[in-house]
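Colleague: I'd like to learn how to read a model like this one. Could we go through it feature by feature?

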Amino acid sequence: MLERYQRAAGTVWRNAHGSVFVLPADASDVVVLTGTGQELWLLLSEPMTIEDAAHSLADAYGVPAAAVSSDVTPVVHDLAARGVLDQK
C-alpha cells in the first residue's frame, strides 16, 4: 500500500500573500511555501499519496505527472520530517 500524507492536526499555518507560512510545533523557523508548494499544502488537507498530489498538480499545470512527482517527493518528505505532515 502506498503511503498517504496529510497536514498534521494542530499545525499552525496561514495562507497569505501568495504563500503558506507553516510553523512546526518543535521549531522556531517558519516554513514558507510558494507557488506549487502552496498548492501542495492546500491539497494535503485530505490524506493523499505523493502520486495523487503530483497528478493533481500536473493536471492543473498541463505537464506530465512524472515531472511533477520528482519535485513533489522531496518537499513532502521534508515536511513530514519537520512534523507538519502525518504519514498514514
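Colleague: Which residue in strand 3 stands opposite Asn15?

Modeller: Opposite Asn15 you will find Val20 of strand 3. Strands here are DSSP runs of E with at least two residues, and helices are runs of H or I with at least four residues, both numbered from the N terminus. A word on the source: this is a predicted model, in which local features need pLDDT of at least 70 and side-chain atom pairs count only at pLDDT 80 or more, while totals for chains, interfaces and linings use all residues. Residues are numbered from 1 along each chain as its sequence is written, and side-chain values use heavy atoms, with hydrogens and water left out.

Colleague: How many bridges link strand 2 and strand 3?

Modeller: The count is 5 bridges, and the two strands run antiparallel. Two strands are said to pair if DSSP finds at least two bridges between them. With strand 4 added, you have an open, antiparallel sheet of 3 strands in the order 2-3-4. Strand 2 (12-16) and strand 4 each have a single partner strand, so one side of each has no neighbour in the sheet. From one strand to the next, the twist averages 15 degrees.

Colleague: Which strands does helix 1 touch?

Modeller: Helix 1 (residues 36-43) packs on this sheet and touches strand 2, strand 3 and strand 4. Contact means heavy atoms within 4.5 Å. The direction of helix 1 makes about 105 degrees with that of strand 4. Axes are lines fitted to C-alpha atoms, for helices over the stretch in contact, and angles between N-to-C directions run from 0 to 180 degrees.

Colleague: What is the strand order in the other open sheet?

Modeller: The order is 5-1-6, with 3 strands in antiparallel pairing. Strand 5 and strand 6 are the edges, each pairing on one side only. Strand 1 (residues 4-7) meets strand 5 (residues 48-49) over 2 bridges, where Arg4 has Thr49 as its bridge partner. Strand 1 is also joined to strand 6 (residues 85-87) by 3 bridges, and there Tyr5 stands opposite Gln87.

Colleague: Is Val30 buried or exposed?

Modeller: Val30 is in between: partly exposed, at 48% relative accessible area. Buried means under 20%, exposed over 50%, and partly exposed in between (1.4 Å probe, protein chains only). Val30 sits in the loop between strand 3 (19-23) and strand 4 (31-34). Leaving out residues up to four places away in sequence, Val30 touches Phe21, Val22 and Leu23.

Colleague: Which residues share a nonpolar surface patch with Val30?

Modeller: Val12, Phe21, Leu23 and Val32 join Val30 there, and together the patch has about 390 Å² of accessible area. Patches take residues with over 30% relative accessible area and no salt bridge, joining like charges within 9 Å and nonpolar side chains (Val, Leu, Ile, Met, Phe, Trp, Tyr) within 5 Å. Areas come from the Shrake-Rupley method with a 1.4 Å probe, and for residues only the protein chains shown count as cover.

Colleague: Which residue forms a salt bridge with Asp78?

Modeller: Arg82 does, with the closest N and O atoms 2.9 Å apart. The rule asks for a side-chain nitrogen of Lys or Arg within 4 Å of a carboxyl oxygen of Asp or Glu, and by it the count is 1 salt bridge. Asp78 is partly exposed at 35% relative accessible area, and Arg82 is partly exposed at 37%.
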